[in-house]
Amino acid sequence: MLKRIRAVGRVAEAAPAAPDGGLSRGGEFGGSIQVRHVDAGSCNGCELEIVSAFGPVYDLERYGVRLVASPRHADVLLVTGPVTRNMADPLRKAYEAMPAPKLVVALGDCARNCGIFAGAYGVFGAVSDVIPVDREISGCPPSPEEIIAALREVSGR
Ligand code: SF4
């Protein structure tokens with residue numbers, strides 16, 4: 001089996017060309033970003049698309065994007081959902097725990113403007129009401145292709 005794996009090598013479709021410029025100002029992330037995901041009150045639809053983007057079909061890691069378990073290890077905070085009252089403080093703390101330089105990506109319409117949950121009693125506000133947002137990804141939910149394009153823009157790869 002190992003011989004066969006070595007003989008076949010890696011089989012994947014060719015990667016599209018790298019995006020121009022991007023949010024990684026001055027290439028400070030070196031084509032590789034560590035991403036901490038925070039669900040601030042999502043319905044879980046956006047999470048399913050994130051899982052798909054990192055799955056074997058789309059393989060987002062091949063563009064230098066990796067999920068990490070702690071904001072202390074992260075360059076990018078990827079936030080989904082409207083920010084609920086109970087999540088406003090933890091979201092702020094997660095942002096403050098990240099080392100500089102750092103970027104925030106608001107993923108999905110709920111993260112951008114509270115989406116279908118706007119005005120709900122438990123909703124504090126959009127992500128930008130709590131922490132500064134550098135990039136928004138619209139959609140309810142955004143497709144894996146849209147998530148990948150946005151995060152490639154950030155990694156510059
Ligand atoms: S944007 Fe849509 S899929 Fe994402 S958390 Fe809001 S309602 Fe759910």
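This text walks through a predicted model, from its strands to its core, its ligand shell and its unusual backbone spots.

Start with strand S1, residues 33-39. Five of the seven residues of S1 are buried, so the rest of the structure largely encloses this strand. S1 has two strand partners described here. With strand S2, residues 65-67, S1 pairs in the parallel sense over three bridges. Within that pairing, Gln34 has Arg66 of S2 as its bridge partner. With S3, S1 also runs parallel, and five bridges join the two. There Asp39 stands opposite Thr80 of S3.

The path from S1 to S2 passes through a helix. S1, H2 and S2 together make a right-handed β-α-β unit. H2 spans residues 45-53. Asn44 is found in the loop that links S1 to H2. Gly64 has its place in the loop between H2 and S2.

Gly64 deserves a stop. A residue counts as buried when 20 or more other C-beta atoms lie within 10 Å of its own. Gly64 has 20 such neighbours, so it counts as buried. Which residues does Gly64 touch, leaving aside those up to four places away in sequence? They are Gly31, Ser32, Ile33, Ser155 and Arg157. Gly64 also comes together with a residue from far along the chain. Gly64 and Arg152 are 88 residues apart in sequence, yet their C-alpha atoms are 8.1 Å apart in space. Arg152 falls within the span of helix H5, residues 144-155.

Now follow the sheet onward from S3. Five bridges join S3 to S5, and these two strands run parallel. Leu77 has Val104 as its bridge partner in S5. S5 in turn runs parallel to S7, with three bridges between them. Leu107 stands opposite Ile137 of S7.

S5 spans residues 103-107. Is S5 mostly covered or mostly open? S5 is mostly covered, with five of its five residues buried. In a regular strand, side chains alternate between the two faces of the sheet. In S5, Leu103, Val105 and Leu107 point one way, while Val104 and Ala106 point the other way. Both sets are buried.

The nonpolar core comes next. The largest one has 41 residues. Val76, Leu77, Val79, Leu91, Val105, Leu107 and Val127 have the most contacts inside it. Strands and helices both feed this core. Strands S1, S3 and S5 each supply at least two of its residues, and so do helices H2, H3, H4 and H5. Val76 shows how these parts meet. Beyond residues up to four places away in sequence, Val76 touches Ile33, Val35, Leu103, Val105 and Val154. Ile33 and Val35 fall within the span of S1, Leu103 and Val105 within that of S5, and Val154 within that of H5.

Turn to the ligand. Its shell holds 13 residues. The closest are Cys43, Gly45, Gly108, Cys110 and Cys140. H2 and H4 each supply at least two residues of this shell. By type, the shell divides into six nonpolar residues, six polar and one charged.

Last come the backbone exceptions. Most residues other than glycine have a negative phi, and most peptide bonds are trans. Four places in this model depart from those patterns.

Two of them concern phi. Asn44 is not a glycine, but its phi is positive, at about 95°. Is Asn44 buried or exposed? Asn44 counts as exposed, because it has 10 C-beta neighbours inside 10 Å. Cys114 is likewise not a glycine and has a positive phi, of about 80°. Cys114 is found in the loop between H4 and strand S6, residues 123-125. Cys114 counts as buried, because it has 21 C-beta neighbours inside 10 Å.

The other two concern peptide bonds. Ala100 and Pro101 are joined by a cis peptide bond, with omega about 0°. Pro101 lies in the loop between H3 and S5. The bond from Cys140 to Pro141 is cis as well, with omega near -5°. Pro141 lies in the loop between S7, residues 135-137, and H5. Cys140, on the other side of that bond, is one of the closest residues to the ligand.

Key:
Residues numbered from 1 in each chain as written. Predicted model: local features only at pLDDT ≥ 70, side-chain atom pairs only at ≥ 80, totals over all residues. Core = buried A, V, L, I, M, F, W, Y, C linked by C-beta atoms within 7 Å. Buried ≥ 20, exposed ≤ 12 C-beta atoms within 10 Å, placed from the backbone. Helix = DSSP H or I, 4+ residues; strand = E, 2+ residues; numbered from the N terminus. Contact = placed C-beta atoms within 7 Å. Pairing = 2+ DSSP bridges. Right-handed = clockwise from strand over helix to strand, strands pointing away. Near = placed C-beta within 6 Å. Nonpolar A, V, L, I, M, F, W, Y, C, P; charged D, E, K, R; others polar.
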